[in-house]
Amino acid sequence: MGCRAVAALLGAAALAACAPDSWQRAPEFNDFLRRIAQECHPRSIGGMQISNLTSDAFFLNQTSRLFHQVIPPREYVATINAFYQGNNAAALDCILERVPQ
């Protein structure tokens, strides 16, 4: 397999792993991010305040998946806690309380 084929496969795999809204406008999700950045301040995940995480690719991907109901809250919490070590309970509770039903 040539280098271009490998690059194309890697590109396709990366796109498949993106958040469901990553290639389209998502004003509701953006509003949600602004809301949790303001209302959950100064809580932190992995030692970083939520407002700083709203530009972190992993956090955005997982939070988008939660917001769009691709993953349940329990899976979101487990994934976030596995990736960002620390006492994240207060911040995660704050986020989960604000997810639209």
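How many aromatic pairs does a search of the whole structure find? In this predicted model, the search finds six aromatic pairs, and two of them can be followed here, beginning with the one formed by phenylalanine 32 and phenylalanine 67. The centres of these two rings are 5.1 Å apart and their planes meet at 35°, so the pair is described as tilted. Phenylalanine 32 belongs to helix 2, which covers residues 27–39, while phenylalanine 67 belongs to helix 4, which covers residues 57–67, so the pair ties together parts that are 35 residues apart in sequence.

It is also useful to ask how much of each residue can be reached from outside. Phenylalanine 32 has a relative accessible area of 4% and is therefore buried, because buried means under 20%. Phenylalanine 67, with a relative accessible area of 13%, is likewise buried. These two residues also take part in a cluster, in which ring pairs link Phe29, Phe32 and Phe67.

A second pair is made by the rings of phenylalanine 58 and phenylalanine 83, whose centres lie 3.8 Å apart and whose planes are at 20°, so this pair is stacked, given that planes under 30 degrees apart count as stacked. This pair, too, links distant parts of the chain, since phenylalanine 58 is in helix 4 and phenylalanine 83 is in helix 5 (residues 73–83), 25 residues apart. With a relative accessibility of 25%, phenylalanine 58 counts as partly exposed, and phenylalanine 83, with a relative accessible area of 47%, is partly exposed as well.

Terms used
Residues numbered from 1 in each chain as written. Predicted model: local features only at pLDDT ≥ 70, side-chain atom pairs only at ≥ 80, totals over all residues. Heavy atoms only, no water. Phe/Tyr/Trp six-rings, centres within 6.5 Å; stacked < 30°, edge-to-face > 60°. Helix = DSSP H or I, 4+ residues; strand = E, 2+ residues; numbered from the N terminus. Buried < 20%, exposed > 50% of the residue type's maximum accessible area, 1.4 Å probe, protein only.
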